[in-house]
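Reader: I should like to learn how to read the features of a model such as this one. May we begin once it is in view?

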Amino acid sequence: MSLNGGVIGTDNKPTAASTVAARVVTFNSSGEFVTGNGNPVPTTHKAHVLVVAGGGGGGTYSGGGGGGGFVEHTTYPLAVPSYAVTIGAGGSGSGAGTDGSANRKGSDSVWTHPTSSPAVMTADGGGGAAPGDSPPGAGPGGSGAGAGSANASNPPGEPGGPTRIGGAATQGDSGGGTGYGNAGGGGFRSGGSDRGGGGGGAGAVGGQGSPTADGGGGAGRASTASGSPVYYAGGGSAGGAGTSTAAGTGGTADNAAGSANTGAGGGGGGGSVLAGGSGVVIVSEDAFPTPATAPGIWTMQDVYHYEVKEEWI
């Protein structure tokens, strides 16, 4: 026991103010983000949040899968203790060659605020490619799938027609974040030339099939959420029957599966069904100060010191 400026008790020093360092948390599977790593945070606390959905699967002798939707918020306010994170799987790379595009759509990735409205940032799963010239055609998604080779006996613009249409992009802004997605490229068939379209990517539309080559996958979009620019959610290139075209940055080559945790669409393949890449959520949390605290009994000198420095709570 000691005499502490009129207060008798143990001399417990206050904890000095400090700064919790910035950090980057990457979710390759579903989980929970804990704000401030469990520390109290100021009301102005923010983070850069990126949400990427699973890419669509490619089809046999067809267009490439669409890249997963891409949603980004660079100044997201972290107002509650925790947020649920759901990571979307890539579209199926298995099943019969006659499976429709709906069976190859990527799954959504979701960042969930427990109380606010809108409560979620949702990235739409990438569109799935249908095989060859079979209906129902290229699937819509965050970015749309590329169309398969067409059937010249049908009218232009119709399923199976000479200019078969790529899947539409469905990604829009979500939960305060800005969304990105693009349509898939169209397919082509004429005079024995069978060419698929590339899947759309977050940064560019999928390439069109032409008399000489399959369409390339659309480029993904770069994000600096992890600290340096990385491309996500590119489309898959078409493949199987013609000369391949390289995908844009962040996309997938023909006859290849989308890389895990990139949201890339699967490439079209000759006789194979190639999966899209799974999604990812990245949270780049700002540094923040922690004020001085005063547990137990303290001296009058410490009270004066921390009051003058305005670090007292």
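Author: Let us begin with His48 and its surroundings. The model is predicted. His48 touches Glu72, His73, Thr74, Ser223, Thr224, Ala225, Ile282, Val283 and Ser284, leaving aside residues up to four places away in sequence.

Reader: Is His48 buried or exposed?

Author: A residue counts as buried when its relative accessible area is under 20%. His48 has a value of 11%, so it is buried. The residue belongs to strand β6, which covers residues 46-52.

Reader: Which side chain forms a polar contact with that of His48?

Author: The side chain of Glu72 does so, at 2.6 Å.

Reader: How many bridges join β6 to β7?

Author: Six bridges join β6 to β7, which comprises residues 70-77, and the two strands run antiparallel. Within this pairing, Lys46 has Pro77 of β7 as its bridge partner.

Reader: In what order do the strands of the open sheet follow one another?

Author: An open sheet is read from one edge to the other. Here the five strands follow the order β4-β16-β6-β7-β11, with antiparallel pairing. The edges are β4 (23-27) and β11 (178-180); each has a single partner strand, so one side of each lacks a neighbour in the sheet. On average, neighbouring strands of this sheet are turned by 10 degrees against each other, direction ignored.

Reader: What general idea guides the reading of a nonpolar core?

Author: Nonpolar side chains tend to be buried together in soluble globular proteins. In this model, the largest nonpolar core has 19 residues, and those with the most contacts inside it are Phe27, Phe33, Val49, Val51, Trp111, Val281 and Val283. At least two residues of this core come from each of β4, β6, β7, β8 (82-86), β10 (120-123) and β16 (280-285). Strand β6 gives the most, with three residues.

Reader: Which residues does Val283 touch?

Author: Leaving aside residues up to four places away in sequence, Val283 touches Arg23, Val24, Val25, Phe27, Phe33, Ala47, His48, Val49 and Trp111. There is also a second, separate core of nine residues, which includes Leu50, Ala225, Tyr232 and Val280.

Reader: Which residues other than glycine have a positive phi?

Author: Two cases may be considered. Ala233 has a phi near 65 degrees, and Asn255 has one of about 60 degrees. Ala233 lies in the loop between β15 (230-232) and β16, and the place of Asn255 is in the loop between β15 and β16. As to accessibility, Ala233 counts as buried at 0%, whereas Asn255 is partly exposed at 42%.

Reader: How is Gly203 placed in the chain and in space?

Author: Sequence separation and spatial distance are read side by side. Gly203 is in the loop between β13 (193-195) and β14 (221-223). Gly203 and Phe70 are 133 residues apart in sequence, and their C-alpha atoms are 9.4 Å apart in space. Gly203 is partly exposed, at 44% relative accessibility. Its contacts, not counting residues up to four places away in sequence, are Asn182, Ala219, Gly220 and Arg221.

Reader: What do the totals say about the protein chain?

Author: The protein chain has one helix and 17 strands. Of its 313 residues, 48% count as buried. Among contacts with a separation of 6 or more, 62% are between residues 24 or more positions apart. The accessible surface comes to about 12600 Å², and 54% of it belongs to carbon and sulfur atoms.

Definitions and conventions:
Residues numbered from 1 in each chain as written. Predicted model: local features only at pLDDT ≥ 70, side-chain atom pairs only at ≥ 80, totals over all residues. Heavy atoms only, no water. Helix = DSSP H or I, 4+ residues; strand = E, 2+ residues; numbered from the N terminus. Buried < 20%, exposed > 50% of the residue type's maximum accessible area, 1.4 Å probe, protein only. Polar contact = N/O pair within 3.5 Å; in protein donor to acceptor, adjacent residues only side chain to side chain. Contact = heavy atoms within 4.5 Å. Pairing = 2+ DSSP bridges. Axes fitted to C-alpha atoms, helices over the stretch in contact; angles between N-to-C directions. Core = buried A, V, L, I, M, F, W, Y, C linked by side-chain atoms within 4.5 Å. Areas by Shrake-Rupley, 256 points an atom, 1.4 Å probe, with all protein chains shown as cover.
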